[in-house]
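Biologist: Could you take me on a close look at the enclosed spaces inside this protein, and then at the place where the chains meet? I'd like one connected walk-through rather than a list.

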Amino acid sequence: MSDTSLGITLTVNGERVSERVDARKTLVDFLREDLVLTGSHVGCEHGVCGTCTVRVDGEIVRGCLMLAVQCDGATVETIEGLSDAGGVADLQAAFVERNALQCGFCTPGMIVAAEDLLKRGGVPTRAAIREHLSGNYCRCTGYQAIVDAIEAVAQARAKGR
Amino acid sequence: MKPAPFAYQKVRSLDEAVALLGGHADARLLAGGQSLIATLNMRLSAPSLLIDINGIGGLDRIDAKDGTVSIGALTRHAQAERSEAIARHVPLVARAMPYIAHPAIRNRGTLGGSVAFADPAAELPACLLALGGDIEAHGPNGARRIPADAFFKDLYETALAPDEILTGLRVPAATAETRTGFAELTRRHGDYAIVGLAATARAKGKGLADVRLAFFGVGNTPLRARKAEAALEAGDVEAAVAALDLAPHDDIQATGAVKAHLAGVLLRRVAAQLMEARP
């Protein structure tokens, strides 16, 4: 029956994880506190800033607007998993190259959201890039360099790297 | 902040959910959670029990049949955004979808949740009102339908009883004569509207009939502007703007006077959309 803590089993970055969690624990707090995957950040905690963006069953979500208990049976990927798999290495390099970060707090969410757009293929317009990142705040860069980096990677990938 | 403690139960059937709702006065239903979990995090609400309805099968279907489109309550925004049936049969919703929040939120948020939550500045409640559809609800005595015009009662208040669940939306399918319009003003893409307008009409000769204008962000619920509707049917856009009788209150985004002015600006834009021939 209903309880304030529940056992969950899920796949995180390719590894099967079974934990008992408080029902009230958000997914991003579970990832950070229970699994010590601290790449996903906690900013506003109400779905506005986007720095907690992770993938659940292949789709990007707000880690602060999902509960860990909702992820029982799900496949979760964080910035650590995406980094280790190497698929976002070009994005990360382009962010460094173009100074698309200063403090870096928003960067994990930016990379996860950007990859969500780029994995669809093609070269999105700058407007489409801005629209796709509209739910991710950066308070340092003014976004221009972030859009530049993502556009450059899209063009490079379209040319076969 | 972090949510106050609560119990969680994932249900597999509507009856199970209704029974739990009936037994827990302060239980809340968890659908997409994109508004609910934010309010839990901020401790604006602290229910003792969350009833997760995401495991109930069959509530995420979109079916077009006999001139009516049924949209299951658990249809995600992103699913509606990609749906050919929505694009073809409910073009107003397709038009509104890109304005709703951001991709990561549209992946989780549900159409039923948005309508049931009834945020006065949200897009979908206004779309439903403009479409003139019905809300389907399931309660202890079975299913019933509530017309959109009778659904939105007051600030975050709907015609749903405390132990009823919104299970789906039924809207008329667009015909060759259907015209739609949608516009909103926000400070930032994806934010709740300062003022917004969803509209439907039927092309009649060179003019419009059956105009339905549903403004949002201007009152406690989405609001029809009936005098303006009549003026548009008479073919006079400026008379429609002059006939707007909304009385928006000041809020954090704008004064009531600014909102009233902006409502007129949106009405001109949407009237132009309604007059366009359908591609």
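Modeller: Sure. A word on naming before we go in: helices (at least four residues) and strands (at least two) are DSSP runs, numbered from the N terminus. With that in hand, helix H8 (123–131) and strand E10 (165–172) of chain B each put at least two residues into the lining of the largest cavity. Keep in mind that we're looking at a predicted model.

Searching the whole structure turns up two cavities of 30 Å³ or more. Let's stay with the largest, which holds about 60 Å³ of space. Its wall is made by Ile71(B), Val90(B), Val93(B), Leu111(B), Leu124(B), Cys127(B), Leu128(B), Leu131(B), Leu169(B) and Val171(B). H8(B) provides the largest share of that lining, with four residues. As for chemistry, the lining comes out as 10 nonpolar residues, with no polar and no charged ones.

Now over to the second largest cavity, with about 40 Å³ of space. Here you'll find residues from chain A, namely Thr53(A), Ile60(A), Arg62(A), Ala113(A), His132(A), Gly135(A) and Asn136(A), along with His102(B), Pro103(B) and Ala104(B) from chain B. Two elements each give at least two residues to this lining: strand E4 (59–62) of chain A and helix H6 (103–106) of chain B. The mix is four nonpolar, five polar and one charged residue.

That brings us to the interface itself. On the chain B side, 33 residues are in contact with 29 residues of chain A. Together the chains bury about 2600 Å², and 54% of that is on carbon and sulfur atoms. If you're after charge pairs, there are four salt bridges between chain B and chain A. One of them joins Lys2(B) to Glu45(A), with the closest N and O atoms 2.5 Å apart. There are also 15 residue pairs in polar contact across the interface, counting pairs with both residues at pLDDT 80 or more.

So which parts of chain B do the touching? Strand E1 (7–10), helix H2 (36–41), strand E3 (49–52) and H6 of chain B are the elements that give two or more residues to the side facing chain A. H6(B), which we just met in the lining of the second largest cavity, gives the most to this side, with four residues. Sorted by type, the side of chain B that touches chain A has 17 nonpolar, nine polar and seven charged residues.

Key. Residues numbered from 1 in each chain as written. Chains lettered and ligands numbered in written order. Predicted model: local features only at pLDDT ≥ 70, side-chain atom pairs only at ≥ 80, totals over all residues. Heavy atoms only, no water. 1 Å grid on protein atoms, 1.4 Å probe; cavity = no way out; pocket = protein on both sides within 12 Å on 5 of 7 lines; lining within 4 Å. Points joined across faces, edges and corners; volume = space filled by probe spheres on them. Nonpolar A, V, L, I, M, F, W, Y, C, P; charged D, E, K, R; others polar. Contact = heavy atoms within 4.5 Å. Buried area = accessible area lost by both parts, 1.4 Å probe. Salt bridge = Lys/Arg side-chain N within 4 Å of Asp/Glu carboxyl O. Polar contact = N/O pair within 3.5 Å; in protein donor to acceptor, adjacent residues only side chain to side chain.
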